[in-house]
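Q: Could you take me on a close look at one part of this protein, the open sheet and what packs around it? I am new to this, so please go step by step.

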Amino acid sequence: MKRLIYSIFSILLLFGCSDSKQVYTRQVLSFGTQIDVTLFGVKPSKADEAIQEIETQLDVMHSQWHAWQKSTLTDLNDKLRKGEPFEVNPTLLPLILQSQQLYTQSNGLFNPAIGKLIELWGFYKDNPEDNQSIPSKEDIDSLLKSNPNMMDIRISGTELTGFNQDLQIDFGGYAKGFGVDRLVELLKAQGINNALINAGGDIRGIGFVGDRPWRIAIQHPIKDKTLGWIELEDDESIFTSGDYRRKYSVDGKQYHHIIDPRTGYPSEHAHSVTVIHPSGAIADAAATALMVAKPSEWFDIARRIGLNHLLVVDKDGQLYSDQLFAERIVLIDHSQIINNLGSL
Ligand code: AMP
Ligand code: MG
């Protein structure tokens, strides 16, 4: 897993060290990134046990959800393309059901069925920055025409059938959030209720660090510094999608990994989107969908998904947020202005 550097900088975790004796932090590599697990008020022996379980769970998720290395998901994609009914692996059914719902709520902008497009753009590798060319318009148009989408999967109980030969499910925009939720459940089941999981800048926090909230810094997508910080309430996820993560440039133009299913090209309305929601899975999918959305669609889609915190850095570097995010964020650069779009 070589691709971890980019994400370490995306959001930095800030917390003071006065309680450092009781703060236990461990790094695990998974999902192509570094995952920091911070536990508060847990004995080291119990913390070690919890981390071991987390590592095991992460290995399982990797073997289930990887988009281009052989996994339960690549097996599923093979079967979907055949167009014959088959019994779905039970570990994947909840992801498919929820991502169909998120597909609908996002008006099709969150569409994990466009794996072929993502592969065509050269993102099925650990180091996409080495890419030297972009796909042909012809190949892109062909996938736009066949329009693979989540509704091309019919579900009857535990039986699935694919209705599009170009279906290729890619949970890259969502599995990290789903996985973080699973890890939080695992911690809670062990009686650990004060913890923070930071998966390369995508974060879910439960409880507090002593008598203080978890404090999270948000990376500026174009300036190499922190944009601002917020304090998490008990059990919140804060996820950021950005065009500064997986990307490459050809002839001086940059191409990033979030693809607009309507155009077949990398999205172009925002540099980054940060959202807050109790569920990591929903926050993850929402941030990806809102990267694709046009400004006129931001609030509609955020509402349909059930968000009430949204922050966008648009293509011109302007900041936009809803009322609640504007109230909670503390900007580092006080001359920076947030365009407050009102209540979500
Ligand atoms: P994230 O960093 O959560 O926004 O996820 C980005 C990843 O989601 C990409 O690397 C792709 O694997 C996948 N992806 C790209 N575009 C889309 C899209 N429109 N809908 C769903 N997943 C996408
Ligand atoms: Mg996402």
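A: Happy to! Let's begin at one residue of this predicted model: leaving out residues up to four places away in sequence, S30 touches I35 and L58. S30 belongs to strand 2, which covers residues 23–30. Its relative accessibility is 4%, and because buried means under 20%, S30 counts as buried. S30 also lies 8.5 Å from A199, C-alpha to C-alpha, although 169 residues separate the two in sequence.

Now step back to the sheet. It is open and built from nine strands, in the order 2-3-7-8-11-14-15-16-18, with mixed pairing. Strand 2 and strand 18 (338–340) are at the edges and have a single partner strand each, so one side of each has no neighbour in the sheet. From one strand to the next, the twist averages 15 degrees.

Further along, strand 15 (residues 310–314) and strand 16 (residues 319–321) run antiparallel and are joined by three bridges. In one of these strands, strand 16, S321 is the bridge partner of L311.

Helices pack on this sheet too. Helix 8 touches strand 8, strand 11, strand 14 and strand 15, and its direction makes about 155 degrees with that of strand 14. Helix 9 (residues 298–305) touches strand 15 and strand 16, at about 150 degrees to the direction of strand 15.

Finally, the interior: the largest nonpolar core has 70 residues, and V275 and L290 are among those with the most contacts inside it. Helix 8 (residues 280–292) gives the largest share of this core, ten residues. V275 has contacts that include A283, A286, A287 and L290. Another core, of 20 residues, lies apart from it and includes V23 and L311.

Note on methods
Residues are numbered from 1 along each chain as its sequence is written. Chains are lettered from A and ligands numbered from 1 in the order in which they are written. This is a predicted model: local features need pLDDT of at least 70, side-chain atom pairs count only at pLDDT 80 or more; totals for chains, interfaces and linings use all residues. Side-chain values use heavy atoms; hydrogens and water are left out. A nonpolar core is a set of buried Ala, Val, Leu, Ile, Met, Phe, Trp, Tyr and Cys residues joined through side-chain atoms within 4.5 Å. Buried means under 20% relative accessible area, exposed over 50%, partly exposed in between (1.4 Å probe, protein chains only). Helices (H or I, at least four residues) and strands (E, at least two) are DSSP runs, numbered from the N terminus. Contact means heavy atoms within 4.5 Å. Two strands pair if DSSP finds at least two bridges between them. Axes are lines fitted to C-alpha atoms, for helices over the stretch in contact, and angles run from 0 to 180 degrees between N-to-C directions.
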